[in-house]
Amino acid sequence: MPATSGSSNRAKIISGVPGGPADKAGLRADDVITEVQGQTIDGVDGLVAATRLHKVGDVVSITYIRAGQTRTVQVTLQESRS
């Protein structure tokens, strides 16, 4: 999962893992994740909780804001690297 910072109803990507799921889906630093599979994200904790509802290998819909535009991508979840 990319590094994120959170505020109300948002999880902003601060950095990503090269070759990771977010990178492969085209998500970039400064994108703000607002939904996972239609579930509103209420910050970093909400993002973690929403992704944990799914299994490694699941494809989930991520809605985010970039430069004021709302976009949606499909992300294939993978095991997090420690």
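Ser-80 makes a convenient starting point in this predicted model: with a relative accessibility of 54%, Ser-80 counts as exposed, because the cut-off for that class is over 50%. Ser-80 sits in the segment after β6. Although 24 residues separate Ser-80 from Val-56 in sequence, the C-alpha atoms of the two are 9.2 Å apart in space.

From this segment, it is natural to step back to the strands. β5 (59–66) and β6 (69–76) pair in the antiparallel sense, and 8 bridges join them. One of the residues involved is Ile-62, whose bridge partner in β6 is Val-73. β5 also pairs with β3 (32–36), again in the antiparallel sense, over 4 bridges. Here Val-32 has Ile-65 of β5 as its bridge partner. β5 itself is mostly covered, with 6 of its 8 residues buried.

The turn of the β5 and β6 hairpin deserves a closer look. Between the two strands there are 2 residues, and Ala-67 takes a positive phi near 50° in this hairpin. Ala-67 does so although it is not a glycine. Ala-67 is also exposed, because its relative accessible area of 79% is over 50%.

A second residue with a positive phi is Asp-30, whose value is near 80°, and this residue too is something other than glycine. Asp-30 belongs to the loop that runs between α1 (21–25) and β3. Its relative accessibility of 51% is over the 50% cut-off, so Asp-30 counts as exposed.

Attention can now turn to the interior. The largest nonpolar core holds 15 residues, and those touching the most other members are Leu-27, Ile-33, Val-36, Ile-41 and Ile-62. Two or more residues come from each of β2 (10–15), β3, α2 (44–52), β5 and β6. Of these, β5 gives the most, contributing 3 residues. Ile-62 therefore appears in two parts of the picture, as a bridge partner of Val-73 and as one of the core residues that touch the most other members, a core being made of buried residues.

Val-36 offers a view of the surroundings of one such core residue. When neighbours within four places in sequence are set aside, Val-36 is in contact with Ile-41, Leu-47, Ala-50, Val-60, Ser-61 and Ile-62. Among these contacts, Ile-41 and Ile-62 are, like Val-36, listed with the core residues that touch the most other members.

Note on methods
Residues numbered from 1 in each chain as written. Predicted model: local features only at pLDDT ≥ 70, side-chain atom pairs only at ≥ 80, totals over all residues. Heavy atoms only, no water. Buried < 20%, exposed > 50% of the residue type's maximum accessible area, 1.4 Å probe, protein only. Core = buried A, V, L, I, M, F, W, Y, C linked by side-chain atoms within 4.5 Å. Contact = heavy atoms within 4.5 Å. Pairing = 2+ DSSP bridges.
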